[in-house]
Amino acid sequence: MGIPLLSLITFLPLAGAVVLIFFPKEERRRMLILAMAFALAVFVLAVLCAVRFDGREAGPQFVEQSSWLGYGISYHLGVDGLSLFLVVMTAFLVPLVLLASQASIRDRFKEYLLFMLILETGMIGVFLSLNLFLFYVFWEAALIPMYFLIGIFGGRRRIYATTKFVLVTMAGSLLMLVGIFVLQGAFAKAAGTYSLNIFDLYRLTLSPQTQAVLFLAFGLAFAIKVPLFPFHTWLPDAHVEAPTGASVLLAAVLLKMGAYGFIRFAFPLFPDAVSRFGPVLGVLAIIGIVYGGGMALIQKDVKSLVAYSSVSHMGLIILAAAAWNTISLQGALLQMINHGLSTGMLFFGVGALYERTHTRMIADFGGVARKMPVFAGLFLIAVLSSLGLPGLNGFAGEILCFAGIFSGHPVWAVLAVTTVILAAAYLLGMFQKVFHGPVVQERVAGLRDVRPIELAVFLPIVLLMFWIGLFPGTFLRKTEATAARYAALLESRRTSYVEARRPTGQAPASIAGSATERKSR
Amino acid sequence: MTGFASLLPLSLLVLGAISVLLLATSRKPASSAVPGLVALAFLAAAGVSAGRLWGRRAQAFGGQLRWDDASLFLTFLFLAAAALTVLLGIRFVAYHRMPHGEFFGLLLLAACGLVIMTATSHLLVAFLGLEVFSVSGYALAGLKRGDDLSAEASIKYFLTGAFASAFFIFGLALIFGGVQTLDAARLSEALAGPGANPALFLAGLVLAVGGLAFKIALVPFHMYQPDVYEGSPTPVAAFFAVAPKAAGFAVLLRILLPYAQAGLKKEALFGGLAAVAIATMILGNFAALRQTNLKRLLAYSSIAHAGYMLVAVVSADPAGLLFYLTQYLFTGLGAFAAIIALGGPGRETLELDDFSGLGRRSPWLAGILSVLLISLAGFPPTSGFLAKFYVFSAAVRAGHVGLALVGVATSLVSVYFYLRVVMVMFMREPGRDTEADADNPAVHLVLFLCLYAVLQLGLFPGNIVTLIHRAVASM
């Protein structure tokens with residue numbers, strides 16, 4: 001096919017942003033229509049890509065590759081089961097975010113749309129890049145628009161929150177950058193040529209020490225982004241201060257970049273280190289599950305409650321990734337989408353409440369359901385999806401995660417179930433206090449139910465929640481081959497290292513290049 | 001005839017300087033645009049005449065002046081820097097009642113000195129170029145005659161510069177005593193020959209490198225720089241921030257590269273340079289954290305960037321160094337251009353608070369300055385990131401993982417103070433009513449050129465990289 005589909009999906013939002021620059025800032029409506037048009041076009045293309053994606057094929061599809069800067073840096077895009085639905089979800093959420101923000105962003109709307117579109121390019125690029133350099137470029141480039149979105153449109157402590165967000169994330173990524181250099185050098189030494197192509201790097205076998213150091217460098221960058229337990233402190237600040245739209249994308253997409261990084265890079269690149277640090281990662285993930293849930297229980301602010309619930313839910317996803325078998329990977333991939341949808345919707349809901357009342361404190365509400373019955377119903381669906389009610393999307397993902405984790409680490413699985421129990425406690429507790437009971441507060445008495453635009457934002461998400469919940473096969477079919485391939489990849493790389501070590505003694509780095517592996521790319 | 005052609009770039013610069021000076025005496029100082037345009041024309045002519053020498057390895061004065069492609073590439077950088085500075089200066093000179101003949105004339109002479117520095121492998125000729133640049137530079141720094149800070153800058157620059165020159169020339173004397181030659185290309189060969197005195201040579205080398213370190217402003221020879229930048233007329237500061245560094249590094253590279261390529265990296269000299277690089281990166285970035293005056297902030301930032309460039313020298317990566325210098329020319333100079341764009345007749349806005357809310361009042365200016373600052377901080381997809389990527393990956397490949405780690409750690413520090421400026425512009429409410437000077441088209445042209453260069457070099461640097469590789473191959 002002649003059309004560079006993936007490049008279009010990646011750079012169309014940026015093109016929209018460039019066009020937007022030349023609009024006068026008074027024309028809110030036309031700017032919104034323009035931005036929406038671009039975002040929807042991206043969504044249509046992403047869906048097209050998903051429909052034409054062949055789920056039986058494990059390798060990347062729609063691949064585009066051309067040389068770019070030398071030293072192994074090439075422009076290399078491709079989509080496979082790991083990235084397909086993350087891209088679709090991103091493309092799905094951005095138009096909704098744009099639509100929802102037209103009421104809440106009163107001032108500097110043009111800049112808001114501009115940064116949102118740039119952010120979309122960054123986010124999609126992260127998932128589609130198959131070259132480590134390109135991945136890093138998008139990874140960092142996505143930071144800048146988010147920095148502005150929180151810093152310009154955020155709450156009272158926005159500058160503190162956004163600076164912390166950027167610096168903490170940067171700290172991790174810069175170590176990863178040095179890790180990329182080391183990897184690049186090691187590959188050049190072993191293969192004689194430069195390559196940062198991820199599938200080439202999968203064939204590189206490094207000494208255990210190098211693997212350990214590199215795994216820590218990459219892992220830190222991803223752990224901060226996820227965020228894994230001791231590195232999560234930036235998240236509540238950023239979430240609470242961010243405007244609704246930025247919160248939605250932060251939770252739904254940016255956190256997934258961390259989990260995606262683990263699955264795509266940190267685990268398969270450093271198989272030996274995984275067997276060493278895997279248990280540590282598992283323990284951290286479980287601590288995150290319990291700690292995030294516990295913190296969510298005691299939050300007074302609905303938004304920070306949802307933020308901490310993300311810490312808990314992301315812990316489960318990392319745990320499933322760390323268990324690393326086909327089922328758990330499938331679960332992790334599906335759960336990433338589920339978490340994006342449910343948490344995204346919860347943030348939309350909190351935003352809708354905040355817009356009406358200018359407060360997010362649980363204590364300031366009560367009896368909202370009487371005044372906003374439709375809204376309460378939709379919000380309840382998001383809550384139930386988030387805590388994994390059968391029939392909704394959360395259940396399908398969680399059951400796969402637990403099954404996958406259990407087959408390898410029964411104890412982990414038992415401990416991880418607390419995520420469901422805690423989620424039920426804090427989410428239902430919050431729902432009860434906010435939506436039920438008598439209407440005491442004056443601000444609640446004057447509430448009006450959902451507007452049509454809000455309905456247009458909520459309904460597609462709810463629809464998708466039911467779809468994934470009732471027919472998860474639609475989605476799992478597309479990711480299965482890739483998940484199986486990655487699950488096998490780690491196993492084969494572990495054994496190949498043992499073999500490589502035996503005859504030559506301590507080779508610092510070598511290339512495990514079987515013909516079948518070459519063919520599969 | 002080749003002799004004449006190879007002298008043409010330098011002759012044109014000197015001729016341009018003289019014409020501009022004569023023009024200033026004959027005309028009433030009504031407009032500074034005419035001498036500015038004349039200077040630009042001569043710079044362009046010099047560029048064309050230099051371009052005709054590309055790939056021909058022309059020589060003059062019995063090989064004392066040597067145009068390999070590397071020196072030509074750097075010559076283009078100096079000419080571009082001078083041309084951009086001329087554009088920055090056209091209005092600035094009038095606004096601040098500076099003598100425009102001297103400004104443009106001295107600028108051309110300074111560029112001429114820098115060209116001489118790089119277009120030779122003979123160290124004494126390099127010294128000659130250094131002095132031509134320095135003497136013009138001292139005068140340029142003090143060109144705002146009524147201004148105390150400018151006078152202070154000039155004196156400081158002169159005193160420290162005189163020291164540096166003394167270091168350098170004394171170093172050359174010792175080197176000559178040690179190996180009986182001052183041809184940089186033959187130093188290592190002569191050192192291995194009979195009758196060489198390695199100790200004397202090494203002492204001389206350290207002194208000469210110290211002298212260059214003054215010009216480049218490496219720690220611990222950086223102290224004068226923030227004061228000089230603050231006091232100098234802003235276009236001059238912009239020129240100082242980019243051009244002399246490039247020349248200093250070129251000479252440094254010519255002296256040191258043979259050793260690095262001969263595998264003598266373990267020598268104490270390289271250990272010392274690595275230490276200097278680390279100190280420069282750390283000090284430059286941390287000192288910048290506390291600055292509230294934008295000119296001083298950029299001064300410390302330029303010190304820090306010199307540290308990153310030194311990493312390229314220590315890693316023996318001339319291509320990375322040239323790319324870094326090229327992109328820094330536009331980012332560094334562009335950032336100063338943004339300050340100038342905010343000024344007006346007789347006034348300049350330099351305090352960080354003046355920038356608050358600028359994103360609303362002058363979105364284009366604030367936007368471009370943000371891109372430049374983001375490039376200085378090293379975010380992709382700007383050229384600053386790619387430059388750091390090349391340099392640090394070369395450092396890792398050369399086995400200097402520690403240097404790369406310090407480099408990225410200090411980059412993180414720099415993110416804070418660069419983004420603080422962005423934050424003030426976009427996230428603070430408007431405090432003062434500074435606005436972009438709409439009556440200064442030349443500065444806006446410079447800003448757009450720099451923006452373009454930063455993105456072009458960050459995304460599609462292919463052609464420039466090819467040129468750089470050819471230049472390096474010819475060294």
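These exercises with worked solutions concern a predicted model of two chains, A and B.

**Exercise 1. Confidence**

Find how confident the predictor is in each chain, and where in chain A the confidence is low.

Solution.
- Step 1. The model as a whole scores ipTM 0.89 and pTM 0.91.
- Step 2. In chain A the average pLDDT is 87, and 94% of the residues score at least 70. For chain B the mean pLDDT is 88, with 96% of its residues at 70 or more.
- Step 3. Among the elements of chain A, the highest mean pLDDT (93) belongs to helix H4 (residues 109-128) and the lowest (39) to helix H23 (residues 515-520).
- Step 4. Two stretches are then to be marked. Residues 499-508 of chain A stay under 50 in pLDDT, and the model gives them six contacts beyond four places in sequence. Residues 513-521 of chain A are also below 50, with seven contacts beyond near neighbours in sequence.
- Step 5. Where pLDDT is low, the predicted coordinates should not be read in detail.

**Exercise 2. Overall form of the chains**

Decide whether chain A is as compact as a globular protein of its length, and examine chain B against a compact globule.

Solution.
- Step 1. Chain A contains 23 helices and four strands.
- Step 2. For 521 residues the globule rule gives 24 Å; the radius of gyration of chain A is 22 Å, which is close, so chain A is as compact as a globular protein of that length.
- Step 3. The C-alpha trace of chain A spans about 80 × 55 × 40 Å along its principal axes, and 59% of the 521 residues are buried.
- Step 4. Of the contacts in chain A with a separation of 6 or more, 81% are between residues 24 or more positions apart.
- Step 5. Chain B has 19 helices and two strands. Its radius of gyration, 21 Å, agrees with the value near 23 Å for a compact globule of 475 residues.
- Step 6. The C-alpha trace of chain B spans about 70 × 55 × 40 Å along its principal axes, and 62% of the 475 residues count as buried.

**Exercise 3. One residue and one helix in chain A**

Classify A:Ala91 as buried or exposed, then list what covers the buried residues of H17(A).

Solution.
- Step 1. A:Ala91 sits in helix H3 (residues 84-104) of chain A.
- Step 2. A residue with 20 or more other C-beta atoms within 10 Å is buried. A:Ala91 has 26 within 10 Å, and is therefore buried.
- Step 3. Leaving out residues up to four places away in sequence, A:Ala91 touches A:Ile9, A:Val42, A:Phe43 and A:Ala46.
- Step 4. Helix H17 (residues 393-408) of chain A has 16 residues and reaches 24 Å from first to last C-alpha, close to the expected 22 Å.
- Step 5. The buried residues of H17(A) include A:Phe395, A:Leu400, A:Phe402 and A:Ile405.
- Step 6. The cover over the buried residues of H17(A) includes helices H13 (302-323), H14 (326-357), H16 (373-386), H18 (410-416), H19 (418-435) and H21 (452-470) of chain A.

**Exercise 4. The two domains of chain B**

Describe the side of domain 1 of chain B that touches domain 2 of chain B.

Solution.
- Step 1. The domain assignment of chain B gives domain 1 as 1-262 and domain 2 as 265-475. Their C-alpha centres are 21 Å apart.
- Step 2. Domain 1 of chain B brings 41 residues to the contact and domain 2 of chain B brings 50.
- Step 3. On the domain 1 side, H3 (69-95), H8 (198-216), H9 (224-231) and H10 (234-261) of chain B each supply at least two residues. H10(B) gives the most, 16 residues.
- Step 4. By type, this side of domain 1 of chain B has 31 nonpolar, five polar and five charged residues.
- Step 5. H9(B) is itself mostly covered, with seven of its eight residues buried. Among them are B:Tyr224, B:Val228 and B:Tyr229.

**Exercise 5. Where chain A meets chain B**

Which elements give two or more residues to the side of chain A that touches chain B?

Solution.
- Step 1. The contact joins 23 residues of chain A and 21 residues of chain B.
- Step 2. The elements are strand E1 (61-70), helix H5 (132-141), helix H6 (143-153) and helix H7 (158-191) of chain A.
- Step 3. H7(A) provides the largest share, 12 residues.
- Step 4. The residues on this side of chain A are 18 nonpolar, four polar and one charged.

Note on methods. Residues are numbered from 1 along each chain as its sequence is written. Chains are lettered from A and ligands numbered from 1 in the order in which they are written. This is a predicted model: local features need pLDDT of at least 70, side-chain atom pairs count only at pLDDT 80 or more; totals for chains, interfaces and linings use all residues. The radius of gyration is taken over C-alpha atoms; the globule rule is 2.2 Å times the number of residues to the power 0.38. A residue is buried if 20 or more other C-beta atoms lie within 10 Å of its own, exposed if 12 or fewer, and partly exposed in between; C-beta atoms are placed from the backbone. Two residues are in contact if their C-beta atoms, placed from the backbone, lie within 7 Å. Domain bounds come from an automatic or database domain assignment. Ala, Val, Leu, Ile, Met, Phe, Trp, Tyr, Cys and Pro count as nonpolar, Asp, Glu, Lys and Arg as charged, and the others, Gly among them, as polar. The expected span of a helix is 1.5 Å times one less than its number of residues. pLDDT is the predictor's confidence in each residue, from 0 to 100.
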